[in-house]
Structures are given as C-alpha cells and as structure tokens.
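Colleague: I am new to this structure and would like the terms explained against the values. Could we go through them one at a time?

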Amino acid sequence: MKPFIYITRKLPQDAVEPLKQEYQVEMWEREDVPVPRDILLQKSQKASALLTMLSDKVNEELLEHADALRVVANLAVGYDNVDLEAAKQKGVVICNTPDVLTDTTADLTFALLMTAARRIVEADRYIKEGQWKSWSPLLLAGADVHHKTIGIVGMGNIGEAVARRAKGFDMEVLYHNRSRKPHAEEVLGAEYASLDELLGKSDFVVVLAPLTPETHGLFQKEQFQAMKKSAFFINAARGPIVDEEALTEALKTGEIAGAGLDVFVTEPIDPDHPLLSLDNVVTLPHIASSSTETRHAMMNLCVENIQAVLKGDKPKTRVE
Ligand code: DGY
C-alpha cells in the first residue's frame with residue numbers, strides 16, 4: 001500500500017500533484033475553514049506525512065497515536081503550533097518554510113507600518129463614505145516615516161529584510177534580539193539595543209520575533225508606557241507576544257499613537273474585539289506571507305520536504 005499523506009487545508013491541485021503520483025493523498029475539502037480536530041486526529045493515525053497549517057495543533061494528543069508518522073511539513077516559517085519535544089520523542093521530522101517568504105513578509109510588514117503612519121485605511125474610508133468635501137491643509141495628516149527610527153524586535157531573516165527596506169527610507173535602525181547580528185550591524189548599520197532602550201528611542205516598534213516562552217506576553221502595559229507617545233507599534237509575528245488589553249488601553253489613552261497588526265491572540269479575532277473599534281489601528285488577517293507567488297513557493301517547499309523525508313533523504317528546511 002502507498003504511504004498516506006494528509007493535507008489539512010484545500011490547496012491548489014497543481015501544488016499537490018507531485019505527491020499524488022507516488023502517494024495516497026487526501027486533503028481537507030475547505031479552503032477557509034480548518035479541519036475539525038477529530039478528523040485531523042483520525043487521519044493522523046494512519047498518515048506517514050502531514051502537511052499542516054499554523055492553525056493546526058501538532059501536540060502530544062495528535063502524535064500519541066500517529067504511529068506511521070514520519071514528517072510534518074508546516075506551511076509557515078513559525079512553528080509555535082508544533083510541540084517539538086513531543087515530535088522528537090516520537091521521531092517525527094518537523095519542517096517549516098523559511099527563506100521563501102522573507103521578502104514578501106518584509107514587504108507587508110513595511111506596508112503595515114506605512115499604512116498606520118500615513119492613515120491610509122482611514123483615508124480610503126473617508127472618500128468612499130463621501131466625506132471628502134475639499135482639500136484642506138491638515139486633512140488626514142499622518143506621521144512621517146522617512147528619517148525616523150525603527151526598532152526591530154526579533155532580528156531574523158525577516159527582521160533584516162525589514163531593516164533593508166527601512167534603510168531605503170533613510171531610517172535609523174535599532175534592533176533587539178537574543179543574539180547580536182554582526183551582518184545586520186555591518187551591512188545595514190543596525191544598532192543593537194536593550195529592549196528598554198529600543199522602546200524609548202523608536203518611532204516605530206516592529207515585532208518580528210518567534211513566539212516562545214520568552215516572548216509570550218513580552219509587550220505589557222509597562223512596555224507601551226516605555227514607548228514614545230508618538231510611536232507606532234507593528235506586530236507581524238504572533239499575537240500572544242502582546243497583551244491585547246494593554247495595547248488597547250495604550251491606544252485609547254494616547255500612550256502610543258497607533259498600531260498595525262497582522263496577528264492576534266485569537267485568530268480569527270472576534271469582530272467585536274475592542275481593538276477593532278479604534279481608528280488608530282490597522283488590522284490584517286494574518287497575511288504577511290500571502291502573495292500568490294510566495295504561498296505557492298511555500299506549498300512547493302512543503303511538498304519537497306515531505307518527498308525527501310519519505311524517501312529517506314534530508315529535507316531542505318528541517319526545524320532543528
Ligand atoms: C509564518 O509563516 O509563520 C507566517 O506567520 C505565515 O504568514
């Protein structure tokens with residue numbers, strides 16, 4: 001019998017075709033709704049490979065009965081939905097999709113920053129709601145981006161790609177990271193700063209760190225208080241890095257000027273969430289890496305990683 005592969009979301013046929021030639025492949029039939037947990041658990045019990053989304057929890061409960069499972073290819077660079085220790089115990093290889101999404105994610109992160117600073121969403125709504133009566137000197141005046149200071153929290157590949165974009169806007173680049181990044185310092189002129197120093201000096205605080213026990217809840221009331229009142233907070237990493245109640249309060253009371261958020265503690269966010277009622281917040285439904293080209297590249301990488309592991313080869317992008 002051919003090994004069984006389960007794909008937890010409906011993907012384009014051409015993306016999964018290479019797997020179909022050699023394996024028995026099944027896919028959850030919906031594009032917009034995650035596979036129900038009971039179905040995922042049931043499919044995992046006989047799967048040799050899973051192609052998962054960041055919304056699927058790959059934990060002990062799933063791995064416990066997944067006796068044939070050899071590889072999980074997660075369609076994301078982040079893998080906080082995967083229990084790496086449990087996978088290691090079970091001998092399951094975990095793969096992610098770094099590199100192929102770096103520039104696309106950096107583009108969107110910078111777009112979010114620009115959108116929040118220059119009030120683009122508000123301006124669009126203003127016209128479409130028929131409010132535009134005349135040109136006026138301070139109509140929808142935003143904050144400049146060029147020549148300001150950006151503080152990047154989490155200086156991985158995406159952080160560096162955002163720093164490159166910031167340099168094009170003549171910005172000063174500060175960064176905070178677990179370890180120093182000589183390349184970013186030498187080539188991009190980025191300056192290492194403690195988190196406190198970065199918060200105090202930055203006009204734009206951009207979070208790009210992975211979600212780990214150390215970064216969980218990193219941004220609380222105190223961190224927003226440490227920021228400039230004119231500063232913007234941009235999160236394109238993971239929602240739980242931020243205490244959303246503290247962020248809402250900081251935005252309401254003018255502790256900070258605005259925010260651009262691609263990620264939330266709970267996704268999808270409740271449409272009645274207080275954050276969504278604020279004009280100084282721009283929100284996106286976790287689409288930082290979502291260009292057609294990049295999402296296809298991510299799917300292809302997942303497929304290649306699955307093929308490699310099932311053939312006994314080294315996958316391209318294993319999470320170590
Ligand atoms: C990732 O790859 O981790 C992103 O959050 C997906 O857009």
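Modeller: This is a predicted model, and what follows takes up the ligand, then a loop residue, then a helix.

Colleague: Which residues surround the ligand, and what makes a residue count as near?

Modeller: A residue is near if one of its heavy atoms lies within 4 Å of the ligand. The ligand is surrounded by Leu-54, Ala-76, Val-77, Gly-78, Leu-101, Arg-238, His-286, Ser-289 and Arg-295. By residue class, this shell divides into 4 nonpolar, 3 polar and 2 charged.

Colleague: What makes the approach of His-286 to the ligand a polar contact?

Modeller: The cut-off for a pair of N or O atoms is 3.5 Å. An N or O atom in the side chain of His-286 is 2.7 Å from an oxygen atom of the ligand, so the pair is within the limit. The backbone also takes part: a polar backbone atom of Val-77 is 2.6 Å from a ligand oxygen, and a backbone N or O atom of Gly-78 lies 2.9 Å from one. The protein buries 92% of the 230 Å² that the ligand exposes when taken alone.

Colleague: Why is Thr-97 called buried?

Modeller: Buried means under 20% relative accessible area. Thr-97 has 0% relative accessibility, so Thr-97 counts as buried. Its place is in the loop between strand 5 (93-95) and helix 5.

Colleague: Which residues does Thr-97 touch, leaving out those up to four places away in sequence?

Modeller: Thr-97 touches Asn-74, Leu-75, Ala-76, Val-77, Met-298, Leu-301 and Cys-302. The Thr-97 side chain also reaches the backbone nitrogen of Val-77 at 3.5 Å. Gly-78 is 19 residues from Thr-97 in sequence, and their C-alpha atoms are 8.2 Å apart.

Colleague: How do you know that the span of helix 7 is close to what is expected?

Modeller: Helix 7 covers residues 157-168, and its 12 residues reach 17 Å from first C-alpha to last, against 16 Å expected at 1.5 Å a residue. Just after helix 7, Asp-170 takes a positive phi of about 55°.

Colleague: What do the buried residues of helix 7 pack against?

Modeller: They pack against helix 5 (102-117), strand 6 (149-153), strand 7 (172-176) and helix 8 (182-188). Among the buried residues of helix 7 are Ile-158, Val-162 and Arg-165.

Colleague: What joins the side chains of Arg-165 and Asp-107?

Modeller: A polar contact of 2.8 Å joins them, and the limit for such a contact is 3.5 Å. Beyond four places in sequence, Arg-165 is in contact with Asp-103, Ala-106, Asp-107 and Phe-110.

Conventions: Residues numbered from 1 in each chain as written. Predicted model: local features only at pLDDT ≥ 70, side-chain atom pairs only at ≥ 80, totals over all residues. Heavy atoms only, no water. Polar contact = N/O pair within 3.5 Å; in protein donor to acceptor, adjacent residues only side chain to side chain. Areas by Shrake-Rupley, 256 points an atom, 1.4 Å probe, with all protein chains shown as cover. Nonpolar A, V, L, I, M, F, W, Y, C, P; charged D, E, K, R; others polar. Helix = DSSP H or I, 4+ residues; strand = E, 2+ residues; numbered from the N terminus. Expected span 1.5 Å × (residues − 1). Buried < 20%, exposed > 50% of the residue type's maximum accessible area, 1.4 Å probe, protein only. Contact = heavy atoms within 4.5 Å.
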